[in-house]
Structure formats: C-alpha cells, structure tokens
Amino acid sequence: MNTAVHKFGGSSLSSAARYHAVANIIISHCQAGDSVVVSAAGKTTNTLVKLWLCYQQNDSQGTLDVIKLLKNHQVELISELLIDELQETALQKLNDELELIATLAQQQELVEAQLLAHGEVWSARLLAQYLTQLEHKANAFDARDLLLLSGGQLQHEKNQKSCQVLNSEQFNVVTGFIAKNESGETVTLGRNGSDYSATLIARYCNAQSVTIWTDTQGVYSTDPRKVKQAIKYAKVCREQANLLARLGNPVLHAKTLTPLKDTNIKLVVRSSFDSHSACTEIVKKGNAKQKHFLTTLDNHDLVKIEQLIEGEVGELSQLIQHTLHHFELDSETYLLIPAAYTHIVINHLSGRANLVESNLFGLGIVCPNDIAHQLTQQAAKILQKYNINIRFAFSQKDMPGNEYGLVLCEQAFDTDLLTILHEELISDSQELAVVVAGLGNVGATFITQLEKQLVRLNYLLPVKLVGLVRSENMLFCSDGIKIHNWLEQWQTSAIAYDNKSLIAALEQLDYEHKVVIDITASEDFSLLYPDFAAQDCHLISANKYAGTAHTTWYNALKEKLYERNLKWRYNTSVGAGLPINFALNDLQYSGDKIERLLGVFSGTLSWLCCEYDGSVPFSELLLKAKDMGYTEPDPREDLSGRDVQRKLLILARELGLTLDLDDISLTPMMPADLAQGDWLSFLEKRDKLDAFMSDKLIQAKKEDLVLRYVAELNLQQDKLVAKVALSAVKKDEPLAGLKAGDNIFVINSLWYQDNALVIQGPGAGQEVTAAGIHSDLYWLTHSLIK
Ligand SMILES: NC(=O)c1ccc[n+]([C@@H]2O[C@H](COP(=O)([O-])OP(=O)(O)OC[C@H]3O[C@@H](n4cnc5c(N)ncnc54)[C@H](O)[C@@H]3O)[C@@H](O)[C@H]2O)c1
Ligand SMILES: N[C@@H](CCO)C(=O)O
C-alpha cells in the first residue's frame with residue numbers, strides 16, 4: 001500500500017483554530033494508513049525547557065508557576081476542541097500527568113528528556129482525539145514505541161518492525177522529536193527533531209512521500225520575510241538542500257534528509273497556513289535544475305581544528321543539537337559554530353580547537369557549478385561598498401555538481417542590503433515559463449508572433465513556451481515547446497485534462513517565474529485565476545471575465561496577487577492593442593483627474609455600424625465580422641452590448657471606481673429575445689435582427705445622423721453616469737469619423753478639458769490583439785529583471 005507521512009510543526013498547532021485547520025488538511029490530503037507526525041503545540045517545548053531550568057535551580061515556586069502555565073494552555077486547547085466524555089477523560093489524564101510532574105519535581109526525580117517529551121505526547125493525543133470526534137479513525141502513537149537508538153545509533157531493522165504497528169485503516173498520529181534508548185529511557189532527536197522523525201518513519205514504512213507542513217510556503221532563494229522579491233522554487237535537489245541546511249538555513253535540517261538517501265521517497269515543504277499554495281519538492285539529483293540561494297548566518301565563531309576525525313562534525317552537531325558547517329582553506333580545517341555553543345565544542349575537542357574569529361556574520365551563496373567564485377567576489381564587492389568589513393570570502397566545491405561561496409563579515413547586514421545582494425546575485429539566474437490558454441484566432445497568432453518576439457524577450461530573461469491549453473486538451477513540455485512546429489506537437493501530444501491536472505502541471509514547472517496567458521473567452525477558465533495565483537503564476541488576460549467579475553471576487557484576486565508579488569496585465573481586454581490602459585494610468589500618475597470617458601469600444605460594432613448602409617442584410621455583415629476574427633466566439637456577446645459594458649467596467653476600475661457590471665446601464669444592439677437559445681437558433685431568427693437594424697438606420701438617416709455603439713463614463717456630474725447604448729451621432733463628431741473596425745477613446749480630464757485627448761485605431765483583429773498581448777508579456781518580463 002502507498003502511504004504518506006505528514007509532519008506538522010509547533011506553529012501549525014499553536015491554537016484550537018490551528019488544530020482545526022490541521023485536521024481539515026489531514027482529512028482532505030491524507031488517506032487511511034498515512035502517518036501524521038506532530039511537534040509540541042506552539043511554544044510548549046520552550047515552556048517545558050523553562051520548567052526544567054526552574055527545577056534545576058531548585059526554584060520550586062517557579063516550577064509550580066510554569067506547570068500552571070502549561071496546564072492553562074493545554075486545558076484551553078482541550079476545552080475548545082473536545083466535547084463530552086472525550087473532553088473529561090483528556091482533562092483528567094492531563095491533570096494526572098501534571099500532578100506526577102509536580103511530585104517528581106518535589107522528589108528531585110525529574111528527567112529532562114522525559115519531561116520534554118510531554119509536549120509531543122499531548123499534541124499527538126489531542127489531534128488523534130479531535131480527528132476521532134470528527135468521525136475519522138485515528139490513533140495516537142508514542143514514537144518511543146517505534147524508534148530505538150542503541151549506543152546513540154538508530155536500530156533500523158528493529159524500528160522497521162516496530163513501525164509495522166502503524167495501522168493501514170486509520171490516521172496514525174505519531175509524536176515527533178522523541179525516541180527511546182536500549183534502557184527504555186526517553187531520548188530526544190534534537191532541533192527540528194520532528195522533521196527527522198517524519199523522514200525516519202517514512203523510510204521504515206517505505207512511504208511514498210513526506211510532507212513537511214510548516215509556516216512557510218516552501219524553499220525560497222532567500223528569506224522571504226526579509227526580501228519581498230525572494231523566489232519560491234518548485235523543485236530543489238537534495239544536495240543543494242543539504243548544503244543550505246549546513247550553512248544554517250532554517251527551512252530544512254541536514255539530518256532530515258539523511259533517511260531519504262538512496263530512496264525514492266518524495267519530500268515536500270508546504271504551508272499549513274495556505275494549503276492550496278504551490279510547494280517546494282526536494283528531489284533527487286538530476287531531477288531539478290540547480291538553483292541560486294542566499295542564506296545568512298548570525299553570530300557565529302570561526303574555530304580552527306587540528307586533525308579532524310571522520311564523523312566528528314556529526315558528533316559535535318549532535319552534542320550541541322545544531323547543524324555545523326566545516327571547510328578546508330589553505331590546508332587548514334575550520335568549523336563555523338553558533339557563538340552560544342563554541343565553549344562546548346572547544347571543551348569537547350580538548351586542545352585541538354582554536355578560536356580564530358568570534359561574532360561573525362555570514363552570507364552563504366549556493367549556486368550552480370562554476371559561478372560560485374564570481375558570485376562570491378561580487379558579493380564581497382557589494383558588502384565593501386556598504387562599509388561591511390569582510391574577514392573571509394571564499395568559494396568551494398562541496399561535492400561534484402555542488403558549489404557554494406561564503407563571505408564572513410564583522411557586522412550584520414540589514415534587510416535592505418540583503419535585498420540588494422539578492423537583486424544583484426540572484427536575479428540574473430531566472431527563467432520565465434509561458435503557458436498559453438486559448439489557441440483560437442488571437443491565441444494562434446500570438447504564438448506565431450512569439451518566435452520573433454522571443455529574441456527580444458530573451459535579451460531580458462530566458463523565456464520559454466512550456467504549455468498550451470484549449471478547452472479540453474493541454475500540452476506541457478517542461479523543456480520548452482518548439483514554436484515553429486507547435487501545432488504538430490499539439491496534434492501528436494496534447495492530452496485531455498481537468499482542472500486538477502492543469503494545476504498539477506503548473507505546479508510541476510521548475511521555473512522561477514511562470515505566467516498564464518489567458519486568450520480564451522471562457523468565464524470558467526477565468527475562475528481558475530486564484531488557483532493559478534496559488535501556483536505563483538503571473539497572469540496576462542485578453543479574456544475580460546476576471547476583470548469584470550463581482551467586486552468581492554475581483555478584489556480577493558487582486559489581493560492574492562499582491563500578497564504574492566504577482567503581476568496581472570490585461571491591456572488587450574479593452575481596445576485590443578491600443579494603449580488605453582497605459583494612457584489612463586499615465587494620466588493618473590501625472591496628477592491628472594479623468595472627468596469623462598466617451599467612445600466606441602467595440603471593434604465588431606464599429607465595423608458593423610460603419611459598413612452597414614442597408615444594401616446587404618445586417619446579419620450577413622455580422623457573419624463576415626465573425627469570419628474576420630473581430631467578434632467574440634458568440635457574436636451576441638458583442639451585439640448585446642455586454643462586451644462593451646465589460647470594457648467600460650475594466651476602465652472604470654482602472655480609474656479606481658468600485659463598480660459592478662450591473663451599475664452600468666446597457667441597451668443592446670439587437671432585439672432582447674434574440675439573446676435566448678444557441679447560435680444556430682439565433683441564425684434562424686436573423687430576419688428579426690435585420691429588421692431591427694434597418695429601422696435604426698432609416699431613423700438615423702432621416703436625421704442625417706450615423707449609428708455608433710457608444711460607451712460613456714461621466715464623473716463630472718453629482719451622480720456618476722455609466723452607460724453603453726446604440727446612439728445616432730452627428731456626422732461632424734469625432735465618433736462619426738471612425739474607420740470601420742476602429743475604436744475611439746475620447747478622454748476629458750483636468751489637463752485635457754476642452755480639447756480632449758483622443759486615442760483611436762483598430763479595436764479588434766487577431767494581429768493587433770496578439771501584438772498587444774506581446775506588449776504585456778514584454779512589460780512583465782521587464783518587470784522581473786532588476
Ligand atoms: N478577437 C479580437 O479581436 C480580440 C481583441 C481583444 C480581446 N479579445 C479576447 O481574446 C479572447 C480570445 O478571442 P479569440 O477571438 O481568439 O476567440 P476564439 O474563439 O477564436 O478562441 C478562443 C480559444 O479559447 C479556447 N477555450 C475556450 N474555452 C476554454 C477553456 N475553458 N479553457 C481553455 N481554453 C478554452 C478555445 O478552444 C479557443 O481555442 C477573448 O476573450 C476575446 O474577448 C479578442
Ligand atoms: N469582440 C471584441 C474583441 C475585442 O475585445 C470587439 O469586437 O471589440
């Protein structure tokens with residue numbers, strides 16, 4: 001049976017609400033037989049350590065106070081999560097345990113590891129009971145019954161047998177961090193011990209995967225709390241993850257990775273606070289391209305060591321419960337030690353260790369082969385420029401295919417400097433993956449234009465077309481689709497998909513940046529935008545649905561994109577390739593205030609109104625406009641005025657107005673009943689449309705006017721005017737002098753009051769629209785580089 005191991009850390013279980021969220025993740029992501037490894041809830045371990053210190057200092061009042069603190073926290077969790085008998089039993093059991101701790105403390109019989117183990121025992125027990133209460137089969141397991149160490153070594157064969165008690169018909173909630181020794185005493189597995197417990201159990205159970213659910217969304221190029229532009233990587237190879245851990249990066253501990261060596265067990269780092277977000281997968285060498293990372297070290301001492309014995313760094317690491325990095329430089333061996341532990345290491349090495357430098361701050365650079373030297377030099381130069389005194393700067397090969405650089409300095413550097421270093425050292429290494437959805441008139445033209453455009457884009461950043469999506473099939477090729485024969489590849493290799501497999505394909509893309517370009521006309525597809533954002537995809541839309549969705553949904557999407565530093569461009573959703581969005585934004589940036597926006601916003605309706613003189617039936621022209629690629633897939637979206645209403649809403653939102661579609665009054669350019677039924681039934685009733693338009697034309701001609709479908713947004717009056725309707729306009733007005741198919745935007749503003757600013761040109765058509773999407777792609781690519 002394929003099982004998985006899921007590990008939840010203390011921050012994931014810090015309150016009743018968090019337990020609830022974790023239970024939901026388990027219910028939706030796990031299956032019976034999976035193991036769930038848990039740490040102590042919130043800061044419980046720290047409180048237990050405090051208790052141990054009070055006890056050691058014979059502070060009996062302090063000991064009792066801390067016991068009370070522990071009790072309050074656990075009672076609160078139990079009371080909020082459990083009900084009836086389960087609650088009563090849990091409270092009774094907790095009481096007995098805390099009383100025993102107090103008695104043992106009084107009798108001077110407390111044992112440190114046994115005391116610390118309570119944190120994990122409590123969280124495993126409570127989570128299992130809570131899942132049971134939610135009517136899911138779950139049982140708590142004490143890892144001391146599963147993991148045995150003898151002489152400090154894990155007893156793999158015995159442990160593998162012990163792990164067979166994990167039941168295939170329930171969720172197995174296992175305590176992290178603890179094990180037992182050959183005398184049956186509790187031992188702890190050190191910092192990040194629960195992650196280690198999870199990978200050990202995965203190995204013993206031959207699980208398929210281990211997911212570390214934590215408070216970050218994955219492994220980033222640098223600390224995302226300090227550098228907003230930090231890049232979350234979809235995949236990181238184990239060797240780079242290991243090196244990062246040794247350089248002090250807190251996301252994964254080197255020890256966590258050891259049980260996975262020579263196995264195919266997948267390791268995933270994922271956020272328990274945002275369980276639908278893209279994660280980072282730690283993969284075997286060769287299954288991910290090498291990435292760039294910057295990691296910082298605070299307050300470390302540099303110690304020179306004589307005759308380092310094999311395995312000694314591991315032992316020291318175990319002794320201080322902290323990862324250690326050692327390196328050779330000019331035939332000397334050095335060890336970097338967190339300053340608080342230096343005395344322990346020096347004592348332990350009795351006479352073989354000399355302190356060289358103390359209180360150093362460091363920058364570790366992990367990068368692909370052959371560039372560590374160059375990047376280290378570059379980093380040193382930048383740090384010097386900002387008056388940071390450098391004590392050591394060197395680069396090394398860690399193992400074949402793995403390189404890093406280390407710059408050790410006298411002073412700490414702040415987040416601004418880390419941001420500059422990230423921008424200078426990491427930004428160049430990025431690639432952008434492009435996924436195009438919608439391969440119709442505009443989509444196909446966009447791809448044809450892409451071949452030439454890539455030369456320009458690649459000058460900024462390597463850009464690859466990696467995915468094509470239509471309504472039923474998709475084609476993903478992570479190394480890149482060959483543009484000159486994309487259609488052939490599509491025909492031979494596209495496969496059927498559903499939303500889940502589309503999202504999974506996006507998640508698998510091992511690129512620093514991804515963009516989904518939506519050239520569909522599908523509302524359903526636009527509803528996937530929040531999922532695309534969760535996969536860290538930028539968005540470019542020709543499709544107007546998301547931009548005109550209900551305000552609540554629209555704002556939530558914008559917020560989600562903003563939080564993730566993702567961009568959304570939708571230049572062609574109004575005016576095709578015309579720079580109307582740019583113009584409105586530019587005017588506003590320059591302090592101008594738009595007062596009125598008037599125009600013809602539909603290429604189809606512009607073409608129809610200009611071409612229609614009564615000599616051929618109107619519907620015949622409509623079919624011609626459809627053939628020319630002007631109309632929406634169902635041209636009634638144009639005739640109904642809905643498409644223009646959407647465009648006016650997009651522009652109104654660009655001006656900062658909070659409007660919804662229904663706030664814009666709409667008069668259709670067809671009889672209302674023609675909106676019912678499918679396209680074929682509409683064609684059967686086309687005479688009705690012809691008569692409707694013939695009447696309108698005769699009337700307009702009588703008054704020497706011309707027909708135009710006009711959109712207006714007027715902010716000058718007390719009440720905002722927002723409307724779209726068929727109008728008859730005078731022949732000398734700007735709106736009358738349009739070329740067939742042109743859009744016109746007449747902008748009146750503070751700066752352009754009497755003499756309006758006018759933007760006019762083709763407002764539909766595959767060439768200009770595809771080119772407008774390229775403008776968005778160029779802008780996005782440009783914004784991704786420094
Ligand atoms: N044609 C223009 O001049 C123009 C101008 C500006 C904006 N646009 C917008 O561009 C978009 C595309 O227009 P078009 O003229 O190329 O339309 P089209 O009908 O020729 O192409 C639409 C494509 O989208 C695909 N599609 C439909 N539903 C899908 C789904 N759920 N998932 C994935 N793919 C799906 C279809 O298979 C088709 O390949 C529309 O939103 C339109 O409003 C068009
Ligand atoms: N159908 C639309 C395409 C451009 O959005 C039009 O005719 O204007």
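Which residues does UniProt assign to the feature "domain: Aspartate/homoserine dehydrogenase NAD-binding"? In this predicted model, the unreviewed UniProt entry places that feature at residues 438-570. Over this stretch the chain is 46% helix and 20% strand, and its end C-alpha atoms are 15 Å apart. Two further annotations from the record help with orientation. The feature "domain: Aspartate/glutamate/uridylate kinase", also from an unreviewed entry, covers residues 3-271; the span is 46% helix and 17% strand, with 20 Å between its end C-alpha atoms. The feature "domain: Homoserine dehydrogenase catalytic" (unreviewed entry) is placed by UniProt at residues 579-777. Here the helix content is 41% and the strand content 22%, while the end C-alpha atoms lie 14 Å apart.

The domain assignment of the chain offers another way to divide it. Domain 1 takes in residues 4-215 and domain 2 residues 293-425. Domain 3 is built from two segments, 432-576 and 772-784, and domain 4 runs over 584-763. Between the centres of domain 3 and domain 4, taken over C-alpha atoms, the separation is 28 Å. In the contact of these two domains, 12 residues of domain 3 meet 17 residues of domain 4. On the domain 3 side, the touching residues comprise four nonpolar, seven polar and one charged.

Ligand 1 is a helpful landmark for this pair of domains. Both domain 3 and domain 4 contribute residues to the shell around ligand 1, so the ligand lies between them. There are 30 residues around ligand 1, and those that come nearest are Gly 438, Gly 440, Ser 522, Ala 542 and Ala 764. By class, the shell holds 12 nonpolar, 14 polar and four charged residues. Helices H15 (441-460), H18 (523-526) and H28 (766-784) each supply at least two residues of this shell, and H15 gives the most, with three.

Two of these helices, H15 and H28, also pack against each other. Their axes are 9 Å apart and meet at an angle of about 35°, and the crossing is right-handed. From H15 the contact draws on residues including Asn 441, Val 442, Thr 445, Phe 446 and Leu 460, whereas the H28 side includes Gln 766, Glu 767, Ala 770, His 774 and Tyr 778. Nonpolar and polar residues number nine each in this contact, alongside two charged ones.

Ligand 2 has its own set of neighbours. Ala 576, Ser 602, Gly 603, Thr 604, Tyr 630, Thr 631, Glu 632, Asp 638, Asp 643, Gly 763 and Ala 764 surround it. This shell divides into three nonpolar, five polar and three charged residues. Ala 764 is listed around ligand 2 and is also one of the residues that come nearest to ligand 1.

A second helix pair can be described in similar terms. Helix H13 (residues 372-385) and helix H14 (residues 415-425) have axes that come within 11 Å and cross at roughly 145°, again in a right-handed crossing. Leu 375, Gln 378, Ala 379 and Ile 382 of H13 meet Ile 420, Leu 421, Glu 424 and Leu 425 of H14. Of the residues in this contact, six are nonpolar, one is polar and one is charged.

Definitions and conventions: Residues numbered from 1 in each chain as written. Chains lettered and ligands numbered in written order. Predicted model: local features only at pLDDT ≥ 70, side-chain atom pairs only at ≥ 80, totals over all residues. UniProt positions renumbered as here; feature names shortened; annotations may be inferred. Helix = DSSP H or I, 4+ residues; strand = E, 2+ residues; numbered from the N terminus. Near = placed C-beta within 6 Å. Nonpolar A, V, L, I, M, F, W, Y, C, P; charged D, E, K, R; others polar. Domains from an automatic or database assignment. Contact = placed C-beta atoms within 7 Å. Axes fitted to C-alpha atoms, helices over the stretch in contact; angles between N-to-C directions. Left-handed = near helix turned anticlockwise from the far one by under 90°.
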